[in-house]
Amino acid sequence: MIKALVIDDELYAREELIDLLHDTGEVEVIDSCNNAIEGLKKINTLKPDVIFLDIQMPQITGIEMLSMLDPDTMPKVVFVTAYDEYALKAFEDNAFDYLLKPVETCRLAKTIKRLKKECQEQDYSPLVNEMLELIPCTGHNRILLIAPADIEIAYSDLSGVHIVAKDTKATTQLTLKVLEEKTPLIRCHRQYLIHPQAIREIKLLENGLAEITTQLGHQVPVSRRYLKELKDRFGLS
């Protein structure tokens, strides 16, 4: 049974697709959601085999959402769109397949048949290498879209991945790995990333450790593993 997640901001379209998938007898819809922020969270927690993803959604489109996923754990993606002009774009971005709304049963059956036979990982490299223009975050009962240039620190703890930007602190569903690969943030510790332009001072400690003080006065640890890379970046001996 194929485990699927449906992401579409239109309730009727979402429910109709879920019914069609259920009727195939080949797909288990493990959950659904109506926006990309919630979709990112559920992809990370539920680990679906495939996501049926609407392209045209508010705030963050389906295509933009794909660039925020970790390429190592990315599920197969079937774009669902009401707009023909997006079909070619979907293939250019290496989606597994696309479906036009309203979804036809016979066309969906072909997609499911391909999904069952597919055994090789899709090549998402042209898409996942794109740099992120905005980082989706949540905090204080709102969704925040933060520019990477405004971020001082990103760090992880038991409750998730957190962003510190000027006077704002929020939580994101993106992993530190995705942030490291797709923003200017650099690794200084297993659990910390920092923006190079946010560094005000690097204090060298004992045992090959260090501590960064940011422009806004935050303290960030630097592990031995990343101290040499940090020094090399700034031409320090």
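Here are some short exercises on the structure above, each with a worked solution.

This is a predicted model, in which local features need pLDDT of at least 70, side-chain atom pairs count only at pLDDT 80 or more, and totals for chains, interfaces and linings use all residues. Residues are numbered from 1 along each chain as its sequence is written, and side-chain values use heavy atoms, leaving out hydrogens and water.

**Exercise 1.** Find the aromatic pair and say where its two rings lie.

*Solution.* Start with the rule: rings of Phe, Tyr and Trp (its six-membered ring) pair if their centres lie within 6.5 Å; planes under 30 degrees apart count as stacked, over 60 as edge-to-face and the rest as tilted. Searching the whole structure gives one such pair. Its members are Tyr155 and Tyr192, stacked at 5.6 Å centre to centre with 20° between the planes. Next, place them: Tyr155 sits in strand S8 (residues 153-157) and Tyr192 in strand S12 (residues 192-194), 37 residues apart, so the pair links distant parts of the chain. Helices (H or I, at least four residues) and strands (E, at least two) are DSSP runs, numbered from the N terminus.

**Exercise 2.** Decide whether Tyr155 and Tyr192 are buried, partly exposed or exposed.

*Solution.* Take the cut-offs: buried means under 20% relative accessible area, exposed over 50%, partly exposed in between (1.4 Å probe, protein chains only). Tyr155 has 14%, so Tyr155 is buried. Tyr192 has 21%, so Tyr192 counts as partly exposed.

**Exercise 3.** Which bond at Pro102 is cis, and where is Pro102 found?

*Solution.* Look at the peptide bond from Lys101 to Pro102: this bond is cis, with omega near -10°. Then locate Pro102, which is in the loop between strand S5 (97-100) and helix H5 (105-117).

**Exercise 4.** Look at Lys166 and Asn207, and describe their phi values and surroundings.

*Solution.* Begin with Lys166: its phi is near 55°, a positive value in a residue other than glycine. Lys166 lies in the loop between strand S9 (160-165) and strand S10 (168-172), and at 54% relative accessibility Lys166 counts as exposed. Now turn to Asn207, a residue other than glycine with a positive phi near 65°. Asn207 belongs to the loop between strand S13 (199-204) and strand S14 (210-214); with a relative accessible area of 60%, Asn207 is exposed.

**Exercise 5.** How far apart are the C-alpha atoms of Glu133 and Ala147?

*Solution.* Along the chain, Glu133 and Ala147 are 14 residues apart, while their C-alpha atoms are separated by 6.2 Å. Glu133 lies in the loop between H6 and S6 and is exposed, at 70% relative accessibility.
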